[in-house]
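Biologist: I would like to learn how to read a structure like this one, feature by feature. Could you take me through it slowly, giving the general idea before each case?

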Amino acid sequence: MSISEATILLVDDHAVVREGYRSVLQKQPGLRVVAEASDGAEAYRLFKEAKPDLVIMDLSMREVGGIEAIRRIRQWDRNARILVFTMHENAGFAVQAIRAGAKGYVTKSSPPEVLVQAARDVLAGRVAVSPDISHELALGRLAGETSAADVLTAREFEVLQMLLAERTTDEIANALHLSPKTVANLHSIIKDKLGVGSDIELVRLALRQGLLSQPLPPA
């Protein structure tokens, strides 16, 4: 595969955002955006149709999120090259994205040239992580922290994100093609792994670890 012919699938639930980084990428020689998706399910469908050389994907999207989409795409094509481009500056999200099969992780606060270089690195078979996330990962290792990202599988982490977004068991089951019983079991496993006994404790832990930016409801 020649980088001079690289085709790209963009995945983000905001059309304005897609327009912005489509413009940035297509100004670069040899990078061509061939398809766009607004959620993870559409991304999976379009990936199979367009067979792009690179997927650039957000994580937080309506319906099926990025972690689950990465997992599905990599199950269908183990050689898929996926670069996450997201607002999440928490290293835990980077750990989970890479565990699910992404080959790069760049935050949206990064300069455009960082995204472009990361795209070229992933296309060349290298792992690419923006400097801010590299710094966070190093700090986490030095602190010896244990986080949700360390103990949860990619599927469990995706369910956690959907629970934090106040999605019901049935909604999660439908989005992830699971039975409600399986979702309930995963909910219990997540709380057990994180050492919490209730959903409000789960939310508080998520806030402490930077996994949730919403304020807590009053007690």
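Biologist: Among contacts in the chain between residues at least 6 apart in sequence, what percentage join residues at least 24 apart?

Modeller: Contact here means heavy atoms within 4.5 Å, and among contacts between residues at least 6 apart in sequence, 62% join residues at least 24 apart. Please keep in mind that this is a predicted model, in which local features need pLDDT of at least 70 and side-chain atom pairs count only at pLDDT 80 or more, while totals for chains, interfaces and linings use all residues. Residues are numbered from 1 along each chain as its sequence is written, and side-chain values use heavy atoms, with hydrogens and water left out.

Biologist: How many helices and strands are there in the chain, and what share of its residues is buried?

Modeller: Helices (H or I, at least four residues) and strands (E, at least two) are DSSP runs, numbered from the N terminus, and the chain has 11 helices and 6 strands. Buried means under 20% relative accessible area, with exposed over 50% and partly exposed in between, using a 1.4 Å probe and protein chains only. Of the 219 residues in the chain, 47% are buried.

Biologist: Which residues have the most contacts inside the largest nonpolar core?

Modeller: In soluble globular proteins, nonpolar side chains tend to be buried together. A nonpolar core is a set of buried Ala, Val, Leu, Ile, Met, Phe, Trp, Tyr and Cys residues joined through side-chain atoms within 4.5 Å. The largest one has 48 residues, and Leu 9, Val 11, Met 57, Ile 70, Tyr 105, Leu 160 and Ile 190 have the most contacts inside it. Helix α8 (residues 154–164) gives the most to this core, with 7 residues. Another core, of 18 residues, lies apart from it, and includes Ala 6, Ile 8, Val 33 and Ala 119.

Biologist: What surrounds Met 57, and which residues does Met 57 touch?

Modeller: Met 57 lies in strand β3 (residues 54–57) and counts as buried, at 0% relative accessibility. Not counting residues up to four places away in sequence, Met 57 touches Val 11, Ala 43, Gly 66, Ala 69, Ile 70, Ile 73, Leu 83, Val 84 and Phe 85.

Biologist: How many residues of α8 are buried, and which helices do they pack against?

Modeller: In α8, 11 of the 11 residues are buried, so this helix is largely enclosed by the rest of the structure. Charged residues need not be excluded from such a list, which includes Arg 155, Glu 156 and Glu 158 as well as Phe 157 and Leu 160. The buried residues of α8 pack against α3, α4, α7 (148–151), α9 (169–176), α10 (180–194) and α11 (199–208). Leu 160, for its part, touches Ala 148, Leu 152, Ile 190, Leu 202 and Leu 211, again leaving out residues up to four places away in sequence.

Biologist: At what angle do α8 and α9 pack, and how should I read such an angle?

Modeller: Axes are lines fitted to C-alpha atoms, for helices over the stretch in contact, and angles run from 0 to 180 degrees between N-to-C directions. Angles under 35 degrees count as roughly parallel, over 145 as roughly antiparallel, 65 to 115 as roughly perpendicular and the rest as oblique. The axes of α8 and α9 are 10 Å apart, and the helices pack at an angle of about 135°, which makes α8 oblique to α9. The contact is made by Arg 155, Glu 158, Val 159, Met 162 and Leu 163 of α8 with Ile 172, Ala 175 and Leu 176 of α9.

Biologist: How are α9 and α10 oriented to each other?

Modeller: The axes of α9 and α10 are 8 Å apart, at an angle of about 110°, and the two helices are therefore roughly perpendicular. Thr 169, Asp 170, Ile 172 and Ala 173 in α9 meet Pro 180, Val 183 and Ala 184 in α10.

Biologist: Is Arg 18 buried or exposed?

Modeller: Arg 18, found in helix α1 (residues 15–26), is buried, with a relative accessible area of 12%. Beyond its neighbours up to four places away in sequence, Arg 18 touches Leu 10, Asp 12, Asp 13, Glu 36, Ala 37 and Ser 38.
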